[in-house]
Amino acid sequence: MNSNEIDIHKELKKYFGFSQFKGLQEQVITSLMKKQNTFVIMPTGGGKSLCYQLPALIQEGTAVVVSPLIALMKNQVDAIRSLSSENGIAHVLNSSLTKTETAQVKKDITSGLTKLLYVAPESLTKEENVSFLRSVPISFVAIDEAHCISEWGHDFRPEYRNLKNIIKQIGDVPVIGLTATATPKVQEDILKNLDMANAVTFKASFNRPNLFYEVRTKTKNVESDIIRFIRQHKGKSGVIYCLSRKKVEAIAEVLKVNGISAVPYHAGLDAKTRAKHQDMFLMEDVEVVVATIAFGMGIDKPDVRFVIHHDIPKSLESYYQETGRAGRDGGEGHCLAYYSYKDVEKLEKFMSGKPVAEQEIGFALLQEVVAYAETSMSRRKFLLHYFGEEFDSETGEGADMDDNVRNPKTKVEAKNEVVK
Ligand code: ADP
Ligand code: MG
């Protein structure tokens, strides 16, 4: 089969039922089908999965998809299987399989039935798996959540560092790396660690024009300020992020006492309670979820209208991800962060127990959050600049959607403060 002979629009319709590609999908798929190493940077929800799923389905051989979370893999496999009557079309290969199941997976791959094989990076360190993959036709290797390879990303996984060697053992196949982390540093790390400086890179804009960004100074009145904000957004859904479980519980309680329907969400609650609270939020039985960062992975509620950070996040990537859960439907999304230098010190203290290299990275990332909080320039411009993107704060989309642009600060004189 020659890639030029395939009408990928027709295949898109056939397998996924979509009549159009989203954003850069078509260009990415064309690049991968030309057997080029390809690197994709797209925000969450941008449609990265399809960039490797469609080429996998329509090419010969099996595509190996590396993904960090077993739960994510399972979701994807179920979704792919629903597209086709063929049962073996997508498989997971990881430590949760029995010997019999593993044998069946390998059989389906050998017979050419399996188009997508999702693997955890740990499974690829097993010699028997690597030598098996070397013996069967592989169309390409996709590395999802590729930022896991970088210590500068928000989710470093040491096993990702081995991937380059393993891919070389599997064979001379094209590689596609995908991530929603857009900082130039992480991108550089990914290309270096995967040894794909030659990759064709596709980067979508990270601008979310419908989100309004605001930072307020955190005072002792922060709780009543939050309550007032929520009352101004009556009947709308929102998330409040806090640093600690204790704070989550406390704020949820304060809201309830004040007649606002809210539930807590953090890793200290048992799985059943977490699932219940998440469902209550999704079904709109409650207006507000008060949560640690444990909340949000894979939550797809389109009409979240506000995301409040009671405590500042540890990096701007986290901030972007967490606020990104607002306004998915393109409607209003207010992103409000409370900032105090005390919280910065708290986070620094938190980090001081960690290994030195990790600390240094942590401090550097935190300094960017401080700079964002303290800037008087367009917050959107600041965020996008951090992601390596130039934004015109006069004519760009959403240019007036932040506190600094709406109410420009007159130069603040530092009173009673020693200026360095
Ligand atoms: P990402 O991995 O970039 O966060 P996903 O691959 O999970 O994004 O896709 C996000 C959503 O976009 C999914 O619900 C998916 O079905 C949808 N989607 C992807 N491609 C298209 C398309 N061409 N047309 C319409 N919807 C699409
Ligand atoms: Mg994804």
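**Figure 1. Strand 1 beside strand 7.** Strand 1 (residues 38–41) pairs with strand 7 in the parallel sense, over four bridges. Two strands count as paired if DSSP finds at least two bridges between them. Strands (E, at least two residues) and helices (H or I, at least four) are DSSP runs, numbered from the N terminus. Phenylalanine 39 has threonine 201 of strand 7 as its bridge partner. The model is predicted: local features need pLDDT of at least 70, side-chain atom pairs count only at pLDDT 80 or more, and totals for chains, interfaces and linings use all residues. Residues are numbered from 1 along each chain as its sequence is written, while chains are lettered from A and ligands numbered from 1 in the order in which they are written.

**Figure 2. The seven-stranded open sheet.** The strand order is 3-4-2-5-6-1-7, with parallel pairing. Strand 3 (90–93) and strand 7 (200–203) stand at the edges with a single partner strand each, so one side of each has no neighbour in the sheet. Neighbouring strands are turned by 20 degrees against each other on average, direction ignored. Axes are lines fitted to C-alpha atoms, for helices over the stretch in contact; angles run from 0 to 180 degrees between N-to-C directions.

**Figure 3. Helix 4 across two strands.** Helix 4 (residues 70–81) lies across strand 3 and strand 4 (116–119). Its direction is at about 160 degrees to strand 3. Contact between two residues requires their C-beta atoms, placed from the backbone, to lie within 7 Å.

**Figure 4. The six-stranded open sheet.** Here the order is 8-13-12-9-11-10, and the pairing is parallel. Strand 8 (211–217) and strand 10 (262–265) are the edge strands, each pairing on one side only. The twist from one strand to the next averages 15 degrees. Strand 8 and strand 13 (residues 333–339) run parallel, joined by seven bridges. Valine 215 has alanine 337 of strand 13 as its bridge partner.

**Figure 5. The shell around ligand 1.** Of the 13 residues around ligand 1, Phe18, Lys22, Gly47, Lys48 and Ser49 come nearest. A residue is near a molecule if its C-beta atom, placed from the backbone, lies within 6 Å of it. Helix 3 (residues 48–58) gives the largest share of the shell, three residues. The shell divides into four nonpolar, seven polar and two charged residues. Ala, Val, Leu, Ile, Met, Phe, Trp, Tyr, Cys and Pro count as nonpolar, Asp, Glu, Lys and Arg as charged, and the others, Gly among them, as polar.
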